[in-house]
Amino acid sequence: MYQPAVLRSLKRIIGEGNKAGIMVGMCGEAAADPLLIPILMSFGLDEYSVSAPSILRTRRILSLWTKEEADALAEKVMALKTATEVTTDMPNRRRISAFPEADSSMTMPTTTAFSSRTTGE
């Protein structure tokens, strides 16, 4: 998932969907991946569908980043050449390590989708 070519593909897919006015969402482990969350935010991902134990952590990580900070990180990451560089050079690790996984014993639905976009309605 951290391969720069895969990240470029995700950026293009999300960008084209946004350009066409189509809501773009992602479900599964990638949407809850602490290293990818700010990158996906920068790319313009509209909805993150994550498992119940990941909801609080995902929301917390999203709240720690401004769009400008996520854009700066994404710009740096998109210049890297290998998945190893992506996972070792990402400065957002400091923000993530302070937030361990949510307690998996919580009684909640198996997945929940939430939007990163506010509509103002």
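User: How many salt bridges does the structure hold?

Analyst: A salt bridge is counted when a side-chain nitrogen of Lys or Arg lies within 4 Å of a carboxyl oxygen of Asp or Glu. By that criterion the structure holds 2 salt bridges. This is a predicted model, in which local features need pLDDT of at least 70, side-chain atom pairs count only at pLDDT 80 or more, and totals for chains, interfaces and linings use all residues. Residues are numbered from 1 along each chain as its sequence is written, and side-chain values use heavy atoms, with hydrogens and water left out.

User: Which residue forms a salt bridge with glutamate 16, and how far apart in helix H1 are the two?

Analyst: Helices (H or I, at least four residues) and strands (E, at least two) are DSSP runs, numbered from the N terminus. The partner of glutamate 16 is lysine 19, and their closest N and O atoms are 3.1 Å apart. The two are separated by about one helical turn, because they stand 3 residues apart in helix H1.

User: Are these two residues, glutamate 16 and lysine 19, buried or exposed?

Analyst: Buried means under 20% relative accessible area and exposed over 50%, with partly exposed in between (1.4 Å probe, protein chains only). Glutamate 16, at 38%, is partly exposed, whereas lysine 19 counts as exposed at 66%.

User: Where is the salt bridge of aspartate 71 and lysine 67 placed?

Analyst: Both residues belong to helix H4, where they are 4 residues apart and thus separated by about one helical turn. Their side chains meet with an N to O distance of 2.7 Å. Aspartate 71 is partly exposed, with a relative accessible area of 31%; lysine 67 is also partly exposed, at 38%.

User: What is the nearest side chain of opposite charge to aspartate 33?

Analyst: For charge, Lys and Arg count as positive and Asp and Glu as negative, while His and the chain ends are not counted. The nearest such side chain is that of arginine 57, 6.9 Å away, and aspartate 33 is buried without a salt bridge. Aspartate 33 sits in the loop between strand S1 (25–27) and H2. A polar atom of its side chain lies 2.8 Å from the backbone nitrogen of leucine 35.

User: What surrounds leucine 36, in the loop between S1 and H2?

Analyst: Contact means heavy atoms within 4.5 Å. Leaving aside neighbours within four places in sequence, leucine 36 is in contact with Met1, Tyr2, Leu7 and Ala30. Leucine 36 is buried, with a relative accessible area of 2%. Its C-alpha is 9.7 Å from that of threonine 87, a residue 51 places apart from it in sequence.

User: Which residues touch the most other members of the largest nonpolar core?

Analyst: A nonpolar core is a set of buried Ala, Val, Leu, Ile, Met, Phe, Trp, Tyr and Cys residues joined through side-chain atoms within 4.5 Å. The largest has 33 residues, and Leu40, Phe43 and Tyr48 touch the most other members. Elements giving two or more residues to this core include helix H1 (4–19), helix H2 (37–43) and strand S2 (47–51). Beyond its neighbours within four places in sequence, phenylalanine 43 has contacts that include Leu7, Leu10, Ile14, Ala74 and Met78.

User: What pattern does the chain follow along the sequence?

Analyst: The pattern is α-β-α-β-α-α-α-α-β, with 6 helices and 3 strands in the chain. Of its 121 residues, 41% count as buried. Among contacts between residues at least 6 apart in sequence, 70% join residues at least 24 apart.

Conventions: A polar contact is a pair of N or O atoms within 3.5 Å; within protein, one must be able to donate a hydrogen and the other to accept it, and residues adjacent in sequence count only if both atoms are side-chain atoms.
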